[in-house]
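Me: Please take a close look at one helix pair in this structure and describe how the two helices are packed. Add what is notable in the backbone elsewhere, if anything.

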Amino acid sequence: MKKLKPLYEGKAKILWETDDPRHMIQEFKNDATAFDGTKHEKIEGKGVLNNRISSHLFGLLRDKGVRTHFVDKLSDNEMIVERLERLPVEVVVRNVAAGSMVKRLGIEAGRKFVPPVVEFYLKDDALHDPILSEEHVRALGLATEEQIAELKRRALEVNTIMGEFLRERNIVLVDFKLEFGLKDGELVLGDEISPDTCRFHDASTGEIMDKDRFRQDLGGFIEAYNEVLNRVSS
């Protein structure tokens, strides 16, 4: 498979057009960003780790019957993915209060949610990815009523599968972000599943094992990502 030209470059990934119109190459960058890109560093090895972690977790979901865009790991920092018609909606599942939710609602960090909270956000960097109600999603024509229900169902299915898998590896799945696209009218999970898009905490110590180490200047960024890889690949 040959790269032809970049179709999209985000903060952490580049999507490449290929000589196969059905597939793209997703390249993971070493860039670490936070706070809408106002904090930015290049961290050697980050792209390789996110590619490997995402490949393992997409493989897990595929084995459990979840349709994803993941086809195969191509190189250390690249994977082959299906080409999708993107939905401009991010779906966030929260099992434990953390991050923006704590600030937005003034609740205590660490509060557990049973059942989990599902949120929608508009994928628009210029608007800082504002939170959306289901009514907003419908009114703006971002997804149909049936698609909204399916997005929630799929997100909670992913939460159950990943939560159980990670629990066995002594990791708490605090929260995570998913992006979906359409392939022949079917919703397909896209983007990545990594410590960049999920909050992972060590179940015994509470230690942060995700991008919050970069956001909060905690150090040990690569070490934490390596530990996540070691556990999910064991």
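Reply: In this predicted model, helices α1 and α6 are roughly parallel to each other, because the angle between them falls under the 35 degrees used as the limit for that label. Two packed helices are described by the angle between their axes and the distance between the axes. For α1 and α6, the axes cross at roughly 25 degrees and come within 10 Å. The crossing in which α1 passes α6 is left-handed.

The contact itself can be listed by residue. On the α1 side are Lys46, Leu49, Asn50, Arg52, Ile53, His56 and Leu57, and these meet Phe221, Ile222, Tyr225, Asn226, Val228, Leu229 and Val232 of α6. By class, the residues of this contact divide into nine nonpolar, three polar and two charged. An α-helix has 3.6 residues a turn, so residues three or four places apart point the same way. Among the α1 members of the contact are Leu49, Ile53 and Leu57.

Helix α1 covers residues 46–63, and its 18 residues should span 26 Å at 1.5 Å a residue; the end C-alpha atoms are 26 Å apart, so the expected and modelled spans agree. Of those 18 residues 13 are buried, so α1 is largely enclosed by the rest of the structure. Just after α1 comes Gly65, with a positive phi of about 95 degrees.

The backbone elsewhere has a few points to note. Asp217 lies in the loop between α5 (212–215) and α6 (221–232). Its phi is near 55 degrees, a positive value in a residue other than glycine. Asp217 has a relative accessible area of 61%, and because the cut-off for exposed is over 50%, this residue counts as exposed. Asp36 also has a positive phi, near 55 degrees, and is a residue other than glycine. Asp36 sits in the loop between β4 (31–34) and β5 (39–42). With 46% relative accessibility, Asp36 is partly exposed.

A cis peptide bond, with omega about 0 degrees, joins Val114 and Pro115. Pro115 is placed in strand β9, residues 112–122.

One further strand residue is Glu17, in β2 (residues 13–18). Leaving out residues up to four places away in sequence, Glu17 touches Lys2, Lys3, Leu4, Lys5, Leu7 and Arg83. From Glu17 to Leu132 the C-alpha distance is 31 Å, with their positions 115 residues apart in sequence.

Notes
Residues numbered from 1 in each chain as written. Predicted model: local features only at pLDDT ≥ 70, side-chain atom pairs only at ≥ 80, totals over all residues. Heavy atoms only, no water. Helix = DSSP H or I, 4+ residues; strand = E, 2+ residues; numbered from the N terminus. Buried < 20%, exposed > 50% of the residue type's maximum accessible area, 1.4 Å probe, protein only. Contact = heavy atoms within 4.5 Å. Expected span 1.5 Å × (residues − 1). Axes fitted to C-alpha atoms, helices over the stretch in contact; angles between N-to-C directions. Parallel < 35°, antiparallel > 145°, perpendicular 65-115°, else oblique. Left-handed = near helix turned anticlockwise from the far one by under 90°. Nonpolar A, V, L, I, M, F, W, Y, C, P; charged D, E, K, R; others polar.
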